[in-house]
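Here's a walk through the fold, one piece at a time. Keep the viewer open and follow along.

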Amino acid sequence: MSDLTADAVATEQLGAGNPAAPGGGRTVTAAVPPSLGTRLAAGVTATGEPDLIDTVAPLTGERLASLPQSTPADVEVAFQLARRAQAAWAALPVRRRAAVLLRFHDLLLKRQDEVLDLIQAETGKARLHAFEEVLAVAMAARHYGRAAHSYLRDKRRGGALPVLTHAVEARRPKGVIGHISPWNYPLELSVGDALPAFVAGNAVVNKPDTQTALTALWARELLVEAGLPADLWQVVIGDGPVIGPAVVEHADYVSFTGSTRTGRDVAQRAAARLVGASLELGGKNAMLVLSDADLDAAAAGAVRACFSSAGQLCISIERLLVHRSVADAFLERFAARTRALRLGGGLAYGADMGSLVSVRQLETTTRHVEEAVKAGATVVAGGRARPDLGPFFFEPTILDGVTPEMAVCAEETFGPVVSVYRFDTEDEAVAAANSTPYGLNSSVWTRDLRRGRSVAARLHTGTVNVNEAYAAAYGSVGSPMGGMGDSGLGRRHGAEGILRFTEAQTIATQRLMPIAPSFGLDDRQFAAVMTGGLRALKALRFK
Ligand code: NAD
C-alpha cells in the first residue's frame, strides 16, 4: 500500500433486497495526502504563481487534490524545454533509450500498489481494472524495450539501379510530440502511448485530463527514476479547449486519445499546420454470440467486455448481438452473472466494479437508460444509480428491447450499460455490427475458431477478439490497435505504434555512373538502354 489510505473495502453485491449500505462497512477515504500531491504537482510545467484547480474523488465526492494550471504561455515553455532535451536524447543509441523502458517495466511492477491507489482515487474504478493498466503498460514497455531496435534500425532497400544505387530507409524522430490523453485509463493512455515516442528519440509534452493528472505525474516520476532525462517529458495541465489547442500549435506530431468530437477539432488544427496526428477515439462496440458459442464462457466474457472500468473503456461492448436460438439461454447466464457483481470502492482487490468518474458520466448513463425505458426498453439487470455507495455509482445494466430511435442504441454511453439484440443469420449479425460510423473493437464467440476468424474478417473494426472481450487484441502489443471510421486515424502498438513517431528518410548513394545519359550515349540511346534495363529487371523478378 502507498500513502493513500483506505479505511475499509466497501463492497456490495448488486441485486434486489441488498441493504443500502454494505453491512458494517465504514466509509472509504481516497484523499491524496498533501505531501504526495505537492510532490507530484511539482512536475507540472506552470510558471509564476499559477491558478489552482481542485479535482474531486469519485468515490466520495470530496476534494481530491489541488493542481497548478498551465497557461498557453506555459505550454510554449514546455515545448522549449522539451526541444532542448530532445537533441541529446535522440543522439543516444536506441539500445540506451530502450534500457530506460526495461528499467521502467521492473520499477512499475515493483511499485504497482502506489499507482493502483492513485488510479482508483482519481477514477473510482475497481482495483482489478486499475491493474489492467499496469498490465498494458508493462507489456508495452517490454515490447518496445526489446523490439525498438529492430523497428528503428536502418533498412537496406532495393536501389534505383541494382548494385549501382545503395538505398537505405532510416527513421528519424519527429521531435516533440504533443500528447493529449483522457481520464479513463490514465496510466496506460499517458505513459503507455508515450513509451514508443521516447524510445524513437522524441520528447513529449503531455496534457493529461486534469482529473487524472496525478497518475500521469507519478508515471513521469517513475520514468525519470528509470533514467529518462527529466525535461524530456513535460506535463501541462488545464482546461482542454484552452491549452489543448496550444499543445497542437507547437507539436511536431500529435497523439490524441479522447472523444470523436474533440478528435475532429484536433485533426483540423494539426492538418492546418501540416503535422501528422494519430487519433484514438470513441466506439459503439459489438459482441457477437454465434449459435455454437460456449454460453458460459460467453456470459463471463460479456461481463468483462461490458463492465470493466464501469464501461468507461473505449473498447468495451455496448451492443450484444446474440443468435436467436441461444439468446434466452445466454441472457439468463449473463444476467445472473451481472446481478452477482460486487460493487465497491475500496482501495483493495475484491470489488468487481467501481464507480463512474464524474457527474457528467453519471448523467449520460442515467439519461440513456431512463430514455430507453420510457420508450419501451426492458431492464434485465441493474438500471439504477447507487448514491448509497458513492456519488457516481451506477449499477451494471442490461437492456432488452432497445430500438433505433433510442439514444443508447447508437450513441456511445461510456457507462455500464449494454443492449441486447437478436439475429437469425450470420450476415444479419455482421450487418448489424457494422451499422455504426464507429469501428473500434468487436468480439466474436464461437466454438469454431475458423468460423470466428472468418466472421472477424468481415467486421469493420480495428481490433476483433475471438472468444475474448478485448484484452486478447489489446494485449497483443506487437500488433496494431486503433479505430476505423469515426473511431480514429492511425494505430498504437506494433510497428505502426512506433513508426508514427518517426519521419522516414531515404539515403541513396549512387556509384560508378549517374542516372542520366553518360558514357557518350545521347538522350535517345540512354532511353533505349534504360527501356531494355527495365524489361530485364521485371523479367528477373526484381521488386
Ligand atoms: P475528450 O475528448 O473530452 O477529452 C480528451 C482529452 O482532450 C482531455 O485531456 C481533454 O482535456 C482534451 N481536450 C478537450 N478539448 C480539447 C480541445 N479543444 N483541443 C485539444 N484537447 C482537448 O474525451 P473524454 O470524454 O475525456 O474521454 C472519453 C472519450 O475518449 C470516449 O469517447 C472514449 O471512447 C475515448 N477513448 C478512446 C480510446 C481509444 O483508444 N480509441 C481510449 C480511451 C478513450
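## The six-stranded sheet

Asn206 sits opposite Val235 of strand 8. That pair belongs to the parallel match between strand 7 (residues 203-207) and strand 8, which is held over three bridges. Keep in mind that this is a predicted model. Zooming out, the two strands are part of an open sheet of six strands, ordered 8-7-6-9-10-19, with mixed pairing. Strand 8 (233-235) and strand 19 (488-489) are the edge strands, each paired on one side only.

Helix 7 (residues 213-225) lies across strand 7 and strand 8. Its direction makes about 160° with that of strand 8.

## Phe256, inside strand 9

Strand 9 (residues 253-257) holds Phe256. Is Phe256 buried or exposed? Its relative accessible area is 4%, and buried means under 20%, so Phe256 counts as buried.

What does Phe256 touch, leaving aside residues up to four places away in sequence? The list is Ile180, Thr262, Gly263, Val266, Ser278, Leu279, Glu280 and Leu281. There's also a C-alpha separation worth checking in your viewer: Phe256 and Ala277 are 21 residues apart along the chain, and 7.3 Å lies between their C-alpha atoms.

## The seven-stranded sheet

The other open sheet to look at has seven strands in the order 14-15-16-12-11-17-18, again with mixed pairing. At its edges stand strand 14 (378-381) and strand 18 (463-466). Each has a single partner strand, so one side of each is left without a neighbour in the sheet. From one strand to the next, the twist averages 25°.

At the strand 18 edge, strand 17 (residues 441-445) runs parallel to strand 18, and four bridges join them. Val444 stands opposite Val466 of strand 18. As background, strands of a sheet pair through backbone hydrogen bonds, either parallel or antiparallel.

Two helices pack here. Helix 10 (residues 295-307) lies across strand 11 (285-289), strand 12 (317-323), strand 15 (397-400), strand 16 (417-423) and strand 17, and runs at about 175° to strand 11. Helix 14 (residues 426-433) also packs on the sheet, touching strand 11, strand 12 and strand 16. The direction of helix 14 makes about 170° with that of strand 12.

## A hairpin earlier in the chain

Strand 2 (residues 52-56) and strand 3 (residues 63-68) pair in the antiparallel sense, with five bridges. Val56 has Arg63 of strand 3 as its bridge partner. Six residues lie between the two strands of this hairpin, and Gly61 takes a positive phi near 80°.

## Two positive phi values outside glycine

Most residues other than glycine have a negative phi. Ala310 goes the other way, with a positive phi near 50°. You'll find Ala310 in the loop between helix 10 and strand 12. With a relative accessible area of 1%, Ala310 is buried.

Leu512 also has a positive phi, near 65°. Leu512 is in the loop between strand 20 (502-510) and helix 18 (523-539). Is Leu512 buried or exposed? Its relative accessibility is 76%, and the cut-off for exposed is over 50%, so Leu512 counts as exposed.

## Two helices with a bend

Helix 2 (residues 72-91) has 20 residues, and at 1.5 Å a residue these should span 28 Å. Its end C-alpha atoms are 29 Å apart, which agrees. Where does helix 2 bend? The bend is at Ala85, by about 25°. Ala85 is also one of the buried residues of helix 2, along with Asp74, Val75, Ala78, Phe79, Ala82, Gln86 and Trp89.

Helix 5 (residues 127-152) gets the same check: its 26 residues should span 38 Å at 1.5 Å a residue, and the end C-alpha atoms are 36 Å apart, in agreement. Helix 5 bends by about 45° at Arg146.

## Domains

The domain assignment splits out domain 1 (67-281) and domain 2 (285-477). Taken over C-alpha atoms, the centres of domain 1 and domain 2 are 30 Å apart. How many residues does each domain bring to the contact? Domain 1 gives 27 residues and domain 2 gives 26 residues.

Note on methods. Residues are numbered from 1 along each chain as its sequence is written. This is a predicted model: local features need pLDDT of at least 70, side-chain atom pairs count only at pLDDT 80 or more; totals for chains, interfaces and linings use all residues. Side-chain values use heavy atoms; hydrogens and water are left out. The expected span of a helix is 1.5 Å times one less than its number of residues. The bend at a residue is the angle between axes fitted to the seven residues ending there and the seven starting there. Buried means under 20% relative accessible area, exposed over 50%, partly exposed in between (1.4 Å probe, protein chains only). Two strands pair if DSSP finds at least two bridges between them. Axes are lines fitted to C-alpha atoms, for helices over the stretch in contact, and angles run from 0 to 180 degrees between N-to-C directions. Contact means heavy atoms within 4.5 Å. Domain bounds come from an automatic or database domain assignment.
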